[in-house]
Every structure is written in C-alpha cells, then in structure tokens.
Amino acid sequence: MITLEGLFVIFITWIFVIPISWLLSRYLEGVFSSGNRILDRFLEPAENFIYKITGVDQNKGMGWKEYFKALLLVNFLEMIFAFILLLFQGNLPLDPMHFPDVSIPLAFNIAVSFGTNTNLQHYAGETTLSYLSQMAVIQFLQFASAATGLSAGIAMIRGFSGKTGNLGNFYRDYVRSITRVLIPLAFISTIILIWLGVPQSLSGYQTVGGLQPGVKEIVYRGPVASLVSIMQLGTNGGGYFGMNSAYPLQNPDQVSDLFEIGLMMLIPTSLLFLFGRMIGNRKEGRTLVVAAYLIYGIDLMVAFIPHVLDRGVEVRLGSAASVFWTVTTTSFTTGSLNASLSSFNPMVILSAFFGMLIQAAPGGTGVGLMYLLMYVIVTIFIVGLMAGRTPEYLGMKIEGRDIKNAVYAFITHPLIILVPLIIALALGIGKTPGYPYSPSSFTSLFYEFTSAASNNGSDFLGASGNTLFLNISTGIVMLAGRYIPMIFLLSLAEGIAVRKRSPVQGLRTDSVSFIIVLVVVIFILTVLTFFPFLVLGPVLQLLKEHMVVIL
C-alpha cells in the first residue's frame, strides 16, 4: 500500500498547487471575462496590431460552428507550417549538429502530434531535431495547442454561464491565452528551471571524457528549460530528450521533479475554479474540483497498491515520485514521463489507463473541463431518469439535444481507440512473428492508441514506433481525438448559452451526494466500455506476473 513517502510527495505538491490554482483562476477571470486593466496598458497595443494585420474583428461573438472553424483553420495552418519546416530541417539554420531532414511520415506524425496537444514522440529529440525544429516546431506548437485547448475550455464555460448568448471570439481568446497566460507563466517557469539546473543553450552538443578512460560521451544540451516549462504548463508532455523527464538534464533532482509535476496540474485545476467564478456560483466550481480530484485520488490509490517498480527502477527519484508522476501525467493528459513505463507494475499501468480513458481527472488544459462537464450532463440525465423528474442544471432544463451531444462526444473516444487497435492486431503490428500477442505486447499497442486518442502522448514504443503504419494511424487518431469531440461539446455549450434559466434550482449539483454519484457514473461508463480490453492487457499481465491461477 501507499507509504509515508508517497503520502508526503502527494501532500507537498497538492498543498502548493491547489491554492495557487485558486489564485490563478482569479487572474484568468480578468483575462477572459472582466478585463485586466494593468496588463491592458502593455499588451493591448500588440494584440490590436495582431488583429489588424490578420483582419480579425475581436469583438464579434461566435456561435459554435464559427468558433470551431476558426479554431480548425488556425490549427491546420500551424501544423502545415511545422510539417514543411521539418521536411527541410537539414537546409535551415540553427543546426550545429547537422541533422538531416525528417521523413514525410514522421514529419506528419510530429506536426499532428504537437499540433493537437498530444506530443506522442516516435523519435528521440536530441538525435533527430535541430535547435530550430525544437523551438520553431515543438515549442511553438506547444504554446499554440495549449492556447487552443484553453480557448475551447473558456468557450465552454461561457456557454454554461449563459451571460453572453454566444461562445465569445476564438481569435481573441487564442491571442490572450498566449500573451497573457502562457508566455508569462512559461517565462517564470523557465527561470526557475534554469535555477534548478535545466540547461538553456544554443552552443551545440559537447563531448567530454567518460567514466571510463579513453571513452568520450556526448552532453546533449539546448533550449531545454524553455521547452520543459511550456511542455508541463500546457499539458503537452513532449520532451526535449527521448527519455523525457527521466533524463537528468531535463529533470535534475527531486525538487525539479515536484516542480514539474506541479506545473502540469496548475492550469487544468485553475479552470475548475474559474468555472465557478464565471457562472457566478463558486460552489459549482468547487464541486468540479472535488469530483476531479476524487477520481485522481482513486487512480493514485490503485497505482500505489503495489508501490514498487519491478524493473528498470529510476533510482534518482524513487518509486513514490515515479508512480505519482505517471498517474498525474495521465490524469492531466500531459504524457511526460520521469521513468520508463515498462518498468512499472501493471497496477500502475491500469491506473494510467483510467486517467486517459476518463480524460477529466481533471484532464488536459481546457479539454479536461469540457469532458468533465460532459459527464455532468450525462449524470444529471441518469439521475433525472431514476428520480422521475426533468433533468436540470444551473437552473435550466437539460434537453434531448444536450444529451445527444454529450453521448456522441463520449462514444467517439472508444471508437477511435478500438477500431484502429483491432486493425493493428489483425495486421500483427507490434508482436513477434509466429507467436501470439503476449499481455505486455497487447498492452503496449492498446496504450499507444489510447494515448493518441486521449491527446496524452506517453507510450511504451518511443522511437521504435517510427513506422509507416504507426505514424499514419496514430496521426489520424490524434486528429479525430482532438477535434471530433470538440464539435459536439461546443455545440452543447452553444445550446445551453441561449437557454432560459430559473433562479430556483431543482436538482442540487453542489452536494456531496451528487459528487459521489458523478464519480461512480464516470467510472462505470469508462470501465465497462473498455473492460474486455483492460482484462486482456494490464489485468492479464498482472495475473501472469504474479502467477495467479484462475480456476
């Protein structure tokens, strides 16, 4: 079971993250709702210049279709730019290591992966990408994709608040997400990471004497701190190095480890508090915080049952910190790693699956809140059926259209995971020729498509996933997992935005009993949907490793 070491690691992180997230929610309310006069003086001229040269009317309210089209247009242009840059990387500046151009399938996968906030890495960054690619592709898309998710989350909140009658303006939300939220936070975080020992350099790699006489070793260095800051803040997860934050230069010690864990938790938690502020009912925001962290806590309990790393132990950080990171990175759909997934007990991997399949514990930047509200709508509908009364939320009736949108968003997830998984299994991807799939190889493949569909990015394969089939298939899954649910959830938000509301609320959704029901419904829906595949993967692997015989 969980030890005092594990409890201390969790407590020391939560005691800082939750209050800071609450304070950040006040700042975010000023950015996206009431205005922030202090920053207006400095940032409005630059923002207005951006709107002017792009021909954007920042004051125009958008319905869900217009909001989504603008979001899709900006994202696709960014991914096309990244794709082209990667293809010609070898002929561009800031490449002191003289890396060649990236192949078309891998360039497609990288551009889609980072453009959709997934950050699945079928490559080792330190041996594949130039400094220019690390900054102009990876870091750029990490800012852009995080801003996209944050904007979509804000639009969802506006719809549920019912104060504007529309979802706001995507271009305004997107620009402000970058200029007023992500850049300031990333700048501060970068300075702290440099102070903690993470390198920030453009001087090229250095060759030094190794531990053995006559053996030379390469010290991989580059603009690492700036990438790690936005990687964690934006729940991106794609690291500078192939080993991600298990590599000492990206995550030097226990202090940097806890700091990086806190960064990935910060914005998703603050958005739950922000929901309560913007709808004018802070109790509802606290309800979402408690529900999300209760699910997160259950995932941690499952993972800490064995509290052991069986193989390939990350001795620098210890098992408690590694398990805590892995559960957090999947619950917040970040995808960064501080230890190899293959080293964990299957119970930890099972917990990681729970976080990615639920996507709302609390989930990624912006999108996690959207999924949590989706579950709230489904839960209210189920409770209404059980109680024989009209389902209501925030003083408004939940209609059939709302339920359909929520259900469509929910069923998209298993479809885009299981269909390509079955195709891959039929083609024999990832298994030894002439032998059936083992529980571990099945788990690796199942995890790959789950991570891609959940826009998480952690995986077992790493650079070994750089194959034509996996690059293209996971690229398609990442696009579907990012944008198809957004269609239904933004449509849901617009329908609610224009609905009449009553000051008298029928069903209390800020109570302990509703939180319990919400959490139970979430686990039942997700676990039952994926139960057979979880049994064939991590559960069977757990039974096999512990030699449990089922009679």
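## Salt bridges in the predicted model

A salt bridge is a side-chain nitrogen of Lys or Arg lying within 4 Å of a carboxyl oxygen of Asp or Glu. R508 and D510 form such a pair, with their closest N and O atoms 3.0 Å apart. The structure described here is a predicted model, and a search of the whole of it finds seven salt bridges. The two partners in the pair just named do not fall in one class of accessibility, because R508, at 53% relative accessibility, counts as exposed, while D510, at 22%, counts as partly exposed.

Another of the salt bridges joins the side chains of E66 and K60, where the N to O distance is 2.8 Å. For this pair, E66 is partly exposed with a relative accessible area of 33%, and K60 is likewise partly exposed, with a relative accessible area of 41%.

## A network around R499

The side chains of E399 and R499 also meet in a salt bridge, with 3.5 Å from N to O. E399 lies in the loop between β4 (396-397) and α14 (400-427), and R499 lies in the loop between α16 (468-497) and α17 (512-545), so this pair ties together parts of the structure that are 100 residues apart in sequence. The contact does not stand alone, for E399, D402 and R499 are linked in a network of salt bridges.

Is each end of the E399 and R499 pair buried or partly exposed? E399 has a relative accessibility of 40% and therefore counts as partly exposed, whereas R499 has a relative accessibility of 13% and therefore counts as buried, since the cut-off for a buried residue is under 20%.

## Helix α6 and the glycine after it

Helix α6 covers residues 131-161, and its 31 residues should span 45 Å at 1.5 Å a residue; the C-alpha atoms at its ends are 43 Å apart, which agrees with that expectation. How many of the residues of α6 are buried? The count is 29 of the 31, so the helix is largely enclosed by the rest of the structure. Just after α6 comes G162, a residue that takes a positive phi of about 70 degrees.

## Two patches on the surface

One surface patch is positive and is formed by R26, R282, K283 and R286. Helix α10, which runs over residues 282-303, gives the most to this positive patch, with three residues. R26, which also belongs to the patch, is found in helix α1 (residues 4-34), and its relative accessibility of 49% places it among the partly exposed residues.

A second patch is nonpolar and is made up of V407, Y408, I411, L415, V419, I423 and L427, which together have about 610 Å² of accessible area. One of these residues, I423, has its place in helix α14, and with 44% relative accessibility I423 counts as partly exposed.

## Details of the backbone in the loops

Several loops hold backbone details that can be looked up in the structure. The peptide bond from A361 to P362 is cis, with omega near -5 degrees, and P362 has its place in the loop between α12 (346-358) and α13 (367-387). In another loop, the one between β2 (216-219) and α8 (224-233), lies G222, which counts as buried at 0% relative accessibility. G222 and G204 are 18 residues apart in sequence, and their C-alpha atoms are 6.8 Å apart in space.

Which values of phi do H98 and N455 take? Phi of H98 is near 60 degrees, a positive value in a residue other than glycine, and N455 has a positive phi of about 50 degrees although N455 is not a glycine either. H98 is found in the loop between α3 (64-87) and α4 (104-115), while N455 lies in the loop between α15 (439-453) and α16. Their surroundings can be told apart by accessibility, because H98 is exposed with a relative accessible area of 67%, whereas N455 is buried with a relative accessible area of 6%.

Terms used. Residues are numbered from 1 along each chain as its sequence is written. This is a predicted model: local features need pLDDT of at least 70, side-chain atom pairs count only at pLDDT 80 or more; totals for chains, interfaces and linings use all residues. Side-chain values use heavy atoms; hydrogens and water are left out. Buried means under 20% relative accessible area, exposed over 50%, partly exposed in between (1.4 Å probe, protein chains only). Helices (H or I, at least four residues) and strands (E, at least two) are DSSP runs, numbered from the N terminus. The expected span of a helix is 1.5 Å times one less than its number of residues. Patches are made of residues with over 30% relative accessible area and no salt bridge: like charges are joined within 9 Å, nonpolar side chains (Val, Leu, Ile, Met, Phe, Trp, Tyr) within 5 Å. Accessible areas come from the Shrake-Rupley method with a 1.4 Å probe; for residues, only the protein chains shown count as cover. Lys and Arg count as positive and Asp and Glu as negative; His and the chain ends are not counted. The place of a charge is taken as NZ of Lys, CZ of Arg, CG of Asp or CD of Glu.
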